[in-house]
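Hi everyone, thanks for making time for this. I have one structure to walk you through today, so let's put it on the screen and go through it together.

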Amino acid sequence: MNYKEILAGLLAWVLPLIKELVENKIIPAIIKRSYEAFDKKANDVIENLNDLLEKIKSTDDPEKRNRHLQGFKLGIAIIEAVGNKLTQAAKLLNKEVAQND
């Protein structure tokens, strides 16, 4: 038996195991980490806006309060825009998948 035959036999045995490992362990772990990273970013943005809201409530200087308020409103507008974009993308992608099923 030559090396090519041995290697081909070994690969025929190992490749299905590697494929199963990737599909059942690695890909789900990557998806989970992606969700966690996105969730952390979203939570950070929400916490920053909450901190800004507290500054708005506690600031006595009208000029400073107005700047905080403008930043807060901008942050809310960005959250809404991103949320709408993600919702639209999800609907479109789900529609595409449904058409190809």
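Leaving aside its neighbours within four places in sequence, which residues is His68 in contact with? Keep that one in mind while I say that this is a predicted model. The answer is Leu52, Lys55, Ile56 and Thr59. His68 itself sits in helix α2. Is His68 buried or exposed? His68 counts as buried because its relative accessible area is 17%, and the cut-off for buried is under 20%.

Now let's look at the helix around it. α2 has 39 residues, and from its first C-alpha to its last it reaches 57 Å, close to the 57 Å expected at 1.5 Å a residue. At the start of α2, a side-chain oxygen of Asp61 comes to within 3.2 Å of the backbone nitrogen of Glu63. The buried residues of this helix are His68, Phe72 and Gly75, and they pack against α1. For the spacing, here is a reminder: an α-helix has 3.6 residues a turn, so residues three or four places apart point the same way.

Two other residues of α2 give us a contrast with the buried ones. Asn66 is found in α2, and it is partly exposed because its relative accessibility is 41%. Asn66 and Ile56 are 10 residues apart in sequence, and their C-alpha atoms are 7.9 Å apart in space. Lys73 also belongs to helix α2, and Lys73 counts as exposed because its relative accessibility is 54%, where exposed means over 50%. Where does Lys73 lie relative to Val14? The two are 59 residues apart along the chain, with 56 Å between their C-alpha atoms.

Next, please turn to the loop. Thr59 has its place in the loop between α1 and α2. Thr59 is buried, because its relative accessible area is 17%. Setting aside neighbours within four places in sequence, Thr59 is in contact with Lys64, Arg65 and His68, so we are back at our opening residue, since His68 has Thr59 among its own contacts. On the α1 side, the side chain of Thr59 reaches the backbone oxygen of Lys55 at 2.5 Å.

Last stop: the largest pocket. How much space lies in it? About 210 Å³. Its lining is made up of Phe38, Lys41, Ala42, Val45, Ile46, Ile78, Ile79, Val82, Gly83 and Leu86. The elements that give two or more residues to this lining are α1, residues 3–58, and α2, residues 62–100. By character, the lining residues divide into eight nonpolar, one polar and one charged.

To pull the threads together: the buried residues of α2 pack against α1, and Thr59 lies in the loop between these helices. That's my tour, and I'm happy to rotate the view for anyone who wants another look.

How values were computed: Residues numbered from 1 in each chain as written. Predicted model: local features only at pLDDT ≥ 70, side-chain atom pairs only at ≥ 80, totals over all residues. Heavy atoms only, no water. 1 Å grid on protein atoms, 1.4 Å probe; cavity = no way out; pocket = protein on both sides within 12 Å on 5 of 7 lines; lining within 4 Å. Points joined across faces, edges and corners; volume = space filled by probe spheres on them. Helix = DSSP H or I, 4+ residues; strand = E, 2+ residues; numbered from the N terminus. Nonpolar A, V, L, I, M, F, W, Y, C, P; charged D, E, K, R; others polar. Buried < 20%, exposed > 50% of the residue type's maximum accessible area, 1.4 Å probe, protein only. Contact = heavy atoms within 4.5 Å. Polar contact = N/O pair within 3.5 Å; in protein donor to acceptor, adjacent residues only side chain to side chain. Expected span 1.5 Å × (residues − 1).
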